[in-house]
Structure formats: C-alpha cells, structure tokens
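User: I have a model open and would like to understand the words people use for it. Could you walk me through some of them?

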Amino acid sequence: MEIRRSRPDDAPAISAIEEEVFGDHFGLKDIFSYICSDTGMCFTASDESGVVGYIIGRKIPPEGEIYRIAVREDKRKRGIGYRLLSFALKTERGSGVETVFLEVRSRNTAARALYRAYGFKEISIRKNYYQNPSDDAIVMLNDSKLC
C-alpha cells in the first residue's frame, strides 16, 4: 500500500470511487481543481489494483478542512481510511496546519468512530444539513499536536 499526494492522473479513479460512495459526488473537474490547487489537501492510497482510496480537502494554514475520505467498497475494513487520515494530518501539520475541521453525517457511525479514534471531537450539529437522504451534519475538530 502506498499513500502519497494525489496526482492529476489519479482523478479518474478518484471520480469512480466518488460515484460509488457518494450520492452528491464531486465531478472530475472539481477533483482536478483540488489536486492541482496550492490549497488542495489531496492524498491517494493505491495498491497493485490501482487507487483504492483518497482524502480531499483544503488548507489555509493554520486551518484545514477535510471534505471527503473514501475507500473502494471491496477494500474497506482494512485500515486504509485511518492510514489516509493519519498520513494527511501528519503531512499537513508539517506545512503549518494546526486545526482540522470536517463534517460528517450523523448516521455515518463508522466514519464518526474513525474520526474519534484519530482524536477528532464533535463540536456542533448542523440540523438538516444533508439531503438525499436528509440528515444532520456533525462538525468535528482535531487540534491535537500529537498527530
């Protein structure tokens, strides 16, 4: 398993995972813009089968925000999401990001457990934030210097 900064040639594989995982998926153009931007926080996990997961966000030090973490369905439950999150936070802390925010569906208990395991704390709720299906957003924060 290799985890590294995403490259433009990763965008089609990331887009395919986006469509598999999210009903409100990012388009290919959006993915390219995150990967190619100086403020993009984009990392890809790959193995012999190709891209298996990714993390997408933005950074404007000292803050960062994670927009997406996704792992291909056939590669889940292997710690890839945790490793992506760990790699991204450690890498961006080295570039001046001290505080990282994210939003997650309240019903996404697996993702919430992953984030809590990595030191994120639930700080607020945005009622009816998500659609299709309707759900609240839990806003989480990680400001740990130990990551």
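**Reading the labels**

Analyst: Happy to! Keep in mind that this is a predicted model. Let's begin with T99, which touches P62, E63, G64, R93, L141, N142 and D143, leaving aside residues up to four places away in sequence.

User: Where is T99, and why is T99 called buried?

Analyst: T99 lies in strand 5, residues 99–105. Its relative accessible area is 19%, and buried means under 20%, so T99 counts as buried.

User: What makes A16 partly exposed?

Analyst: A16 sits in helix 1. The relative accessible area of A16 is 46%. Exposed means over 50% and buried means under 20%, so A16 falls in between and is partly exposed.

User: How do you know that the buried residues of helix 1 line one face?

Analyst: In helix 1 (residues 11–21), the buried residues are A11, I14, S15, I17 and E18. Looking down the axis of helix 1, you find them within an arc of 165 degrees, so they line one face of the helix. They pack against helix 2 (28–36), strand 2 (40–47), strand 3 (50–60) and strand 4 (63–71).

User: Why are helix 3 and helix 4 called oblique to each other?

Analyst: Two packed helices are described by the angle between their axes and the distance between the axes. For helix 3 (residues 80–93) and helix 4 (residues 109–117), the angle is about 45 degrees and the axes are 10 Å apart. Angles under 35 degrees would be roughly parallel, and 65 to 115 roughly perpendicular. The angle here fits neither range, so the two helices are oblique. Their crossing is right-handed.

User: Which residues make that contact?

Analyst: Helix 3 contributes G81, Y82 and L85, while helix 4 contributes L114, Y115 and A117. By class, that contact has 5 nonpolar, 1 polar and no charged residues.

User: What makes K77 and N128 exposed?

Analyst: The cut-off for exposed is over 50%. K77, in the loop between strand 4 and helix 3, has 86% relative accessibility, so K77 counts as exposed. N128, in strand 6, has a relative accessible area of 51%, so N128 is exposed as well. Each also has a positive phi without being a glycine: about 65 degrees for K77 and near 50 degrees for N128.

User: Which peptide bonds are cis?

Analyst: One joins P61 and P62, with omega about 15 degrees; P62 is in the loop between strand 3 and strand 4. Another runs from N132 to P133, with omega near 0 degrees, and P133 is in the loop between strand 6 and strand 7.

Note on methods
Residues are numbered from 1 along each chain as its sequence is written. This is a predicted model: local features need pLDDT of at least 70, side-chain atom pairs count only at pLDDT 80 or more; totals for chains, interfaces and linings use all residues. Side-chain values use heavy atoms; hydrogens and water are left out. Helices (H or I, at least four residues) and strands (E, at least two) are DSSP runs, numbered from the N terminus. Buried means under 20% relative accessible area, exposed over 50%, partly exposed in between (1.4 Å probe, protein chains only). Contact means heavy atoms within 4.5 Å. Axes are lines fitted to C-alpha atoms, for helices over the stretch in contact, and angles run from 0 to 180 degrees between N-to-C directions. Angles under 35 degrees count as roughly parallel, over 145 as roughly antiparallel, 65 to 115 as roughly perpendicular and the rest as oblique. A crossing is left-handed if the near helix is turned anticlockwise from the far one by less than a right angle, and right-handed if clockwise. Ala, Val, Leu, Ile, Met, Phe, Trp, Tyr, Cys and Pro count as nonpolar, Asp, Glu, Lys and Arg as charged, and the others, Gly among them, as polar. The arc is that of the directions from the helix axis to the C-beta atoms.
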